[in-house]
Amino acid sequence: MSHRDVGTFWEITRPILSADPVRHTSMLSVGGQLARGARYTDAEPILLTVHGDSRDSDGRDGDDNETELRGAAICTPPFPLNVSALPSDAAPDVVRHLVADDVRRRDVSAIRGPNPEVDAFTAAWVAETGDEPQVTMNDRLYRLGELLPPAGVPGEFRLLPDLADEIFPLIAGWRADFEWEAMDRVVTPDGAAKQILGTIASGGWFGLWIADGRPVAMAAATGPVEAMSRIGSVYTPPVERGHGYGAAVTSAVCRWVLDHGARDVVLHADLANPVSNAIYQRIGFQAVHDGRIVAFGPHN
């Protein structure tokens with residue numbers, strides 16, 4: 001069943017997402033920010049729920065109380081559809097529902113989530129559309145155990161709003177560089193600036209590590225939702241790497257969110273980057289599960 005009202009979708013889905021805030025970290029963060037009025041792009045979000053054996057193939061809002069909620073999925077195009085809360089056996093019906101709407105079919109260019117849910121959705125999508133799937137990232141979800149800050153890293157932690165305005169264009173450029181390096185996604189500096197401001201406006205934090213009076217690394221965190229906060233946008237420019245700045249800023253952001261209401265602190269790491277995975281484990285992160293991003297394109 002599709003929803004156009006974000007508030008209704010959030011009210012319906014929050015209980016099942018909150019039952020496992022670590023597994024559903026991305027859906028909770030995105031859903032919560034949308035419910036507070038945030039917008040990632042100009043495209044309308046895709047908000048889906050699965051209720052028992054009910055079907056709603058015309059894309060209209062339905063009676064959510066007819067049957068018990070079984071699952072949900074969310075997408076803010078052009079970002080991937082998140083299927084962490086979508087039961088594998090519901091994937092074929094959800095795919096048919098999406099494919100029946102030409103606009104929504106085009107909006108679903110990729111999916112992400114834990115491997116079992118992604119595999120089930122991918123199989124259903126390929127069977128229905130004939131599209132060619134391509135794994136664009138294998139990642140691992142980590143949860144922070146005991147925080148172990150790195151010792152001996154020169155510098156100090158600062159929040160972005162506490163710094164001079166002239167630093168902001170530099171950080172927006174870093175954010176764009178991060179998107180290209182980590183996600184193979186082109187984002188303009190203006191678009192990156194909007195993302196940073198959106199993170200802050202939605203209750204999140206954007207932190208920097210300052211050494212010798214200059215920013216040398218950055219990391220962001222979502223504001224706690226169900227006492228869960230997700231770390232992201234961890235980036236050190238190439239010229240500053242090898243000094244422990246990335247570990248220091250990540251640790252400092254973790255400390256900040258723990259002090260401001262988070263119980264669970266999580267992050268995703270690209271398995272193709274052994275350096276970042278090792279750094280996160282050294283400061284106390286422990287593996288939860290593996291997932292992937294799969295993109296869809298026309299069959300060649």
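These are my notebook entries on a predicted model, covering its cores, a helix pair and a handful of single residues.

**Cores**

I started with the largest nonpolar core, which has 28 residues. I looked up which members touch the most other members, and got Trp209, Ile231, Tyr245, Cys254, Val265, Leu267 and Phe285. Then I asked which elements give two or more residues to this core: they are β5 (132-144), β7 (205-211), β8 (214-221), α8 (245-259) and β10 (264-270). Helix α8 gives the largest share, eight residues.

I picked Tyr245 for a closer look. Beyond four places in sequence, Tyr245 touches Val153, Pro154, Trp209, Ala211, Val216, Ala217, Thr236 and Glu240. Trp209 is thus on the contact list of Tyr245, and both are among the residues that touch the most other core members.

There is also a second core, separate from that one, with 23 residues. Cys75, Val118, Ala124 and Val294 are among them. A general note to self: in soluble globular proteins, nonpolar side chains tend to be buried together.

**Helices α6 and α7**

Next I checked how α6 (168-183) sits against α7 (189-201). Their axes come within 8 Å and cross at roughly 100°. Angles of 65 to 115 degrees count as roughly perpendicular, and α6 and α7 therefore get that label.

Which residues meet here? From α6 I noted Phe168, Ile171, Ala172, Arg175, Ala176 and Glu179; from α7, Pro189, Ala192, Ala193, Gln195, Ile196 and Leu197. Sorted by class, the contact has nine nonpolar residues, one polar and two charged.

**Helix α2 and Ser29**

How much of α2 (25-35) is buried? I found 10 of its 11 residues buried, so I wrote the helix down as mostly covered. The buried ones are Thr25, Ser26, Met27, Leu28, Ser29, Val30, Gly31, Gly32, Gln33 and Leu34. Just past the helix, Gly37 has a positive phi of about 100°.

I took Ser29 as my sample from α2. Its relative accessible area is 2%, so Ser29 is buried. Outside the four-place window in sequence, Ser29 is in contact with Tyr40, Thr222, Met228 and Arg230.

**Arg143**

Is Arg143, in β5, buried, exposed or in between? Its relative accessibility is 32%, and I logged it as partly exposed because that falls between the 20% and 50% cut-offs. Arg143 touches Val22, Arg263, Asp264, Val265, Val266, Gly284, Phe285, Gln286 and Val288, leaving out residues up to four places away. Val265 and Phe285, two of these partners, also turned up in my list from the largest core. I also took the C-alpha distance from Arg143 to Ala287: 6.5 Å in space, with their positions 144 residues apart in sequence.

**Arg112**

Is Arg112 buried or exposed? This residue, in strand β4 (110-114), comes out at 18% relative accessibility, so Arg112 counts as buried under the 20% cut-off. I looked for a side-chain partner and found Asp139, whose side chain makes a polar contact with that of Arg112 at 2.6 Å. Past four places in sequence, the contact list of Arg112 is Pro80, Leu81, Asn82, Val83, Ser84, Val118, Asp139, Met183, His268, Arg292 and Ile293. Val118 in that list is also a member of the second core.

**Pro215**

Pro215 sits in strand β8. At 11% relative accessibility, I have Pro215 down as buried. Its contacts, again outside the four-place window, are Ile167, Leu170, Ile171, Trp174, Leu208, Trp209 and Ile210. One of them, Ile171, is also an α6 residue that meets α7. The C-alpha atoms of Pro215 and Arg158 are 9.2 Å apart, and the two residues are separated by 57 positions along the chain.

**Backbone oddments**

Where is the cis peptide bond I noted? It runs from Pro77 to Pro78, with omega near 10°. Pro78 lies in the loop between β2 (69-75) and β3 (81-82).

I also wrote down two non-glycine residues with positive phi. Asp212 has phi near 55° and lies in the loop between β7 and β8. With a relative accessible area of 73%, Asp212 is exposed. Ala227 has phi near 60°, and its place is the loop between β8 and β9 (228-235).

Technical notes
Residues numbered from 1 in each chain as written. Predicted model: local features only at pLDDT ≥ 70, side-chain atom pairs only at ≥ 80, totals over all residues. Heavy atoms only, no water. Core = buried A, V, L, I, M, F, W, Y, C linked by side-chain atoms within 4.5 Å. Buried < 20%, exposed > 50% of the residue type's maximum accessible area, 1.4 Å probe, protein only. Helix = DSSP H or I, 4+ residues; strand = E, 2+ residues; numbered from the N terminus. Contact = heavy atoms within 4.5 Å. Axes fitted to C-alpha atoms, helices over the stretch in contact; angles between N-to-C directions. Parallel < 35°, antiparallel > 145°, perpendicular 65-115°, else oblique. Nonpolar A, V, L, I, M, F, W, Y, C, P; charged D, E, K, R; others polar. Polar contact = N/O pair within 3.5 Å; in protein donor to acceptor, adjacent residues only side chain to side chain.
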